[in-house]
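Let's take a walk through this model together, starting with the empty space inside and moving on to how some of the helices meet. Keep the 3D view open as you read.

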Amino acid sequence: MVQTYDVIVVGAGHAGCEAACAAANMGSKTLLITMDMNKIAQMSCNPAVGGIAKGQIVREIDALGGFMGIVTDATAIQFRMLNRSKGPAMWSPRSQSDRMQFIIKWREILDKTPNLHIWQEAVTELLFEADCIKGVKTQTNTTFHSKTVVLTNGTFLNGLMHIGKTKIVGGRIAEPSSYGITEQLKEKGFVTSRMKTGTPVRLNGNTIDFSKMVEQKGENDFHKFSFLDYKPRPLPQRSCWITYTNDKTHDILRKGLKDSPLYNGQIKSIGPRYCPSIETKIVTFEGKSQHQLFVEPEGAFTQEFYLNGFSSSLPIEIQFAALKTIPGLEHVQAYRPGYAIEYDFFDPTQINHTLETKLVKNLFFAGQINGTTGYEEAAGQGLMAGINAHQNAHNGEPFVLSRNEAYIGVLIDDLVTKGVDEPYRMFTSRAEYRILLRQDDADMRLTEKSYKIGLATKERFSLLQTKKSEVESFIDFTKETSVKPQEINSVLETNNSTTLKQSTKLYDLILRPQLNISILENFLPSVKEKVSKITSSRKEEIVEAAEIKIKYSGYIEREKMIADKLQRLENISIENKFDYENIQSLSIEARQKLSKINPKNIGQASRIPGVSPNDINILLILSGR
């Protein structure tokens, strides 16, 4: 058995799978270690991928050559594009997945990946040589040596679950915790703390009265996650259902608060503000008479349902009594209760933008170990950690995405620069350049970068080139094609748009908010003919991309100009240049924060909480700018 590798990845969740595949596909001899090979890429909480800002991350992962989008498309049982009523910068794809098929598909990908080996066991010890990682040791005292190690431990580091006053040691329900690693890293000087997350009850669909709920169907258009050629969704599509809590529900939940681990002092760690438990909702929003719940299928053929919005760690009897008061759930039976889980994480200001730790060379952190929450945030970090672990193992250049290049860049920069005081979740509002970071053009932004470092495949790069050519060809066509008033005025009147008095370019018509290419295609033969000549099998995607570029061209160019101006600050390097504690002209808080984080450049320094514009001006003067 091989026991020496270029990259070892510890943990086979969403971060670990992406990290292992990235490193192996780039050519590193890679080992993925997991406690249970049957639960690889387990969807521990809701059986869904994507959503607001998270969908953009998944498309970026795919554009870079990762697999989350491919796996999601292959296992989707419902697809929706959220925020369609808003501009394309806010559109966010979301998919329900078949939980078991998701695992099977990921396992299939891992098994077919060259250079990748899987080992089933718990890692109990990290091996160091001075301040450099050298490998890991497992429960059976088996030693694996490696040039680099990526830790993606999820909620397993000293994991502790709570259901009422009952405490259960474990990283997930019916799965053991991981011990030893936190204690070792503390000895190395790492700062660690505890976070909390939770999951709701799972329900038996045979005992749910869906007639009392509102059906939420999926969409059947061309949208998907992966930029690879479209294939029809292989699994049957299923609906989700909406119902609500009520005053009776809340009365029962309040009676259980005295035994809630969140309110009796049993749980002391920080939970996710943006995904609160049902008991937190009734306390925080005391005057609200109802809370929306989503009843989501866990698979294409199973009758197991996930009650989204009802995360809880209340005693079992309280959870089940409250359920019976909800419309459609009066006679429901549950498969298991909801629970909360506490686990160790490490202050992410202790890592670099490559996700390599500052204290130990060639050791990388990715996922919930960095204080994030969500499959997508974990997978994005895992991909970047896997890439950079490979680069380190082969003396390559660091691969870092900036804030104006990707949501993944925003995510990592936020973690490294600002740290976390609660589980970090990505939102579109965290990005300054939302118009540049749309979900539709992630391949345009990132695939070429990935292809150059050897991750994105030639097939993916070729598809990108075809798409670029087709989009530009269509835009050129709209700029060259004139439309006469008699051809279009009736359509303009119908759509409440100002009629023409003279011929105008098709491009200018598309700029109008009342019109789109689909409308114009129905009335202008030249447009219909041009669309029909698009050779790519992704015709709808290309037409949509062209339309977005036309309609939002002014906004896109303006945001690019702003990003370019601010990028100049990113080019002024200050890492290891100053002894901040002795720069008396800086504020005390700035001295403390700058010393702790040691920013790479002025741009990063400007985003550190507590560093004022005046402090930045001082650094610019000291830098000779």
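The largest cavity is a good place to begin, with a volume of about 80 Å³. Keep in mind as we go that the model is predicted. A search of the whole structure turns up two cavities of 30 Å³ or more. If you wonder how such spaces are found, rolling a probe the size of a water molecule over the atoms shows where empty space is left.

Who lines the largest cavity? Its walls are made by Arg-59, Phe-222, His-223, Lys-224, Asp-440, Glu-541, Glu-544 and Ala-545. By class, that lining has five charged residues, two nonpolar ones and one polar one. Helix 17, which covers residues 539-551, provides the largest share of this lining, namely three residues.

Now turn to the second largest cavity, whose volume is about 40 Å³. Around this space you will find Phe-227, Leu-228, Asp-443, Thr-447, Arg-460, Leu-463, Leu-464 and Arg-538. Here the lining divides into four nonpolar, three charged and one polar residues. Two helices, helix 11 (442-453) and helix 12 (458-480), each supply at least two residues of the lining. Of the elements involved, helix 12 gives the most, with three residues.

Helix 12 and helix 17 have now each come up at a cavity, and they also meet one another. Where their axes approach, they come within 9 Å and cross at roughly 55 degrees. Angles from 35 up to 65 degrees fall between roughly parallel and roughly perpendicular, and that makes helix 12 oblique to helix 17. The crossing of helix 12 past helix 17 is right-handed. On the helix 12 side, the contact is formed by Lys-467, Glu-470, Val-471, Glu-472, Phe-474, Ile-475 and Thr-478. Facing them from helix 17 are Glu-541, Ile-542, Ala-545, Ala-546, Lys-549 and Ile-550. Sorted by class, this contact holds seven nonpolar, five charged and one polar residues. Notice that Glu-541 and Ala-545 take part in this contact and also belong to the lining of the largest cavity.

For a last stop, go back towards the start of the chain, to helix 3 (residues 68-75) and helix 4 (residues 99-112). Their axes come within 9 Å and cross at roughly 135 degrees, and the two helices are therefore oblique to each other. Helix 3 passes helix 4 in a crossing that is right-handed. Helix 3 brings Met-68, Val-71, Thr-72, Ala-74 and Thr-75 to the contact, while helix 4 brings Gln-101, Phe-102, Lys-105, Trp-106 and Ile-109. Six nonpolar, three polar and one charged residues make up this contact.

Methods:
Residues numbered from 1 in each chain as written. Predicted model: local features only at pLDDT ≥ 70, side-chain atom pairs only at ≥ 80, totals over all residues. Heavy atoms only, no water. Axes fitted to C-alpha atoms, helices over the stretch in contact; angles between N-to-C directions. Helix = DSSP H or I, 4+ residues; strand = E, 2+ residues; numbered from the N terminus. Parallel < 35°, antiparallel > 145°, perpendicular 65-115°, else oblique. Left-handed = near helix turned anticlockwise from the far one by under 90°. Contact = heavy atoms within 4.5 Å. Nonpolar A, V, L, I, M, F, W, Y, C, P; charged D, E, K, R; others polar. 1 Å grid on protein atoms, 1.4 Å probe; cavity = no way out; pocket = protein on both sides within 12 Å on 5 of 7 lines; lining within 4 Å. Points joined across faces, edges and corners; volume = space filled by probe spheres on them.
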